Amino acid sequence: MQPIHILLLIAGYFGVLILISYFTGKDDSNESFFRASRKSPWYIVAFGMIGASLSGVTFISVPGWVEASQFSYMQVVFGYLVGYFIIAFVLMPIYYRLNVTSIYQYLEDRFGVVSYKTGAFFFLVSRILGASFRLYLVAIVLQRYVFDAYGIHFAVTVSLSVLLIWLYTFRGGIKTIVWTDTLQTLFMLVAVGVAMYLILTNLDMSFGEFWNSEALEKYNKIWFTDSFMAKDYFLKSFLGGLFIAVCMTGLDQDMMQKNLTCKTLGDAQKNMISFSIVLVAVNLIFLLLGALLFMYASANDIAVPIMDGKPKTDLLFPEIALNGGLGISLAVVFLLGLIAAAYSSADSALTSLTTSFSVDFLGVEKKPENKQKGIRQLVHIGMSVVLIIVVIIFNSLSNKSVIDSILTIAGYTYGPLLGLFAFGIFTKYKIVDKRVWIVTVVSICVTYFLANFGNYYTYFTADVANLAEATTLAKENFYQFGYELLPINGLLTFIGLVLIRRQ
């Protein structure tokens, strides 16, 4: 598939999104932009959230992760499922009772202004990093397969990506996102289905034969219970997934903003439960696709693409889809799926960042009514520029799997949110509000120390050449933290809040 054809496909896709935004953005008031006037059908929100939750990370990184970690990611996914039930029946009733625009307004109601600003700040950091990772993923694919052919710099690719998002979100905001996410989810799932069908056909296998094949047994191990010290030990992954779901969905303005557009609490709970069950099946399908990709690559002598001198399994799916000899139809649906997966997450992130900064830091709802929309529009532009800058920085620093990076970072930035909300919900204590930010900073520092103690101890005491070698050696002698860093961070924050409670 030629680069010009890919550009035309992208242009057509965004043309459809801009058309949707035209109809959904006719009322460009802040009430519509922030909350869609609380009129979204729950089933539309649920279907659209699948694409927003999976994003380009799942679309590319999860299949590419299969060779190294097999199906261990399902341990995390089962934890997600339990976490989503907690969101539906613990957090959602609070948000609907308080009728919040930003979920961090709960912290102001419960503790005070400093807690409120601290929670909102950690969301901004978390979401900017997360959205940047996701945008980076689609940008490197577009760069490699489209813009390199024209000698266009990576920074231009990123800027163009964010500009396209801005074009269809700047008026309708979350009201537009609810409907565009539905279309994007559909494209993504169709792309996966077509890819699996074409690869199975090429390998001359039915799905049943693939399911029972010896080749699949090489990849399909789900439960890892051999060593508690290992990073992928079942209990650590499950609990990590549970807390990641609670934090990265239930305590995240981006994901909850969609849920808060439902008409009633009951509708929002139906949305969350149905979405969570479907999400388990969809993640399993992505892992099966990953196994198929490696089987096909092995059968056809397709090497994992090299980027910056290192094999990058994140690029195996695009390499096979675009250059693997499976025809133009797979190339087309792959690109539609990739773009849909990446932008269904990035567009809602931009909208939620705009909402949080406008409401939580600028107090837009308290400004004169004739100035509110203008403030929101300026913030929307500013957040677009921030995303561009961070993606470019990330491109110069990245050297590890994208999905692993996101979940690792979440262990630090979402932990304080977990501790704050848990303390507010499960205790009746008041706290010394002005000291909250100190507690959260100390919690993050201690968590980082715990996670990296073995690596640095080995580096300074063993005969090793560099930190990377020390990290490898430390895996044999020290406990390896995984996704449980998130609840540990939350627990440390909780303990810190106990220490600053008012007598």
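Here is a short chat about how some labels in this structure are earned.

Modeller: This is a predicted model, where local features need pLDDT of at least 70 and side-chain atom pairs count only at pLDDT 80 or more, while totals for chains, interfaces and linings use all residues. Residues are numbered from 1 along each chain as its sequence is written, and side-chain values use heavy atoms, with hydrogens and water left out.

Biologist: Thanks! What makes Tyr13 and Phe14 an aromatic pair, and of which kind?

Modeller: Rings of Phe, Tyr and Trp (its six-membered ring) pair if their centres lie within 6.5 Å; planes under 30 degrees apart are stacked, over 60 edge-to-face, and the rest tilted. Tyr13 and Phe14 lie 5.5 Å apart, centre to centre, with 90 degrees between the planes, and are therefore an edge-to-face pair. The whole structure holds 29 aromatic pairs.

Biologist: Why is Tyr13 called buried?

Modeller: Buried means under 20% relative accessible area, exposed over 50%, and partly exposed in between (1.4 Å probe, protein chains only). Tyr13 has 3% relative accessibility, so Tyr13 counts as buried. Phe14, at 2%, is buried too.

Biologist: And what makes Val446 partly exposed?

Modeller: Its relative accessibility is 34%, which lies between the two cut-offs, so Val446 counts as partly exposed.

Biologist: How do you know that Lys221 lies over the face of Phe224?

Modeller: The rule asks for NZ of Lys or CZ of Arg within 6 Å of the ring centre and within 35 degrees of the ring normal. Lys221 is 4.5 Å from the ring centre of Phe224. Likewise, the charged end of Arg501 sits over the ring of Tyr429, 5.3 Å from its centre.
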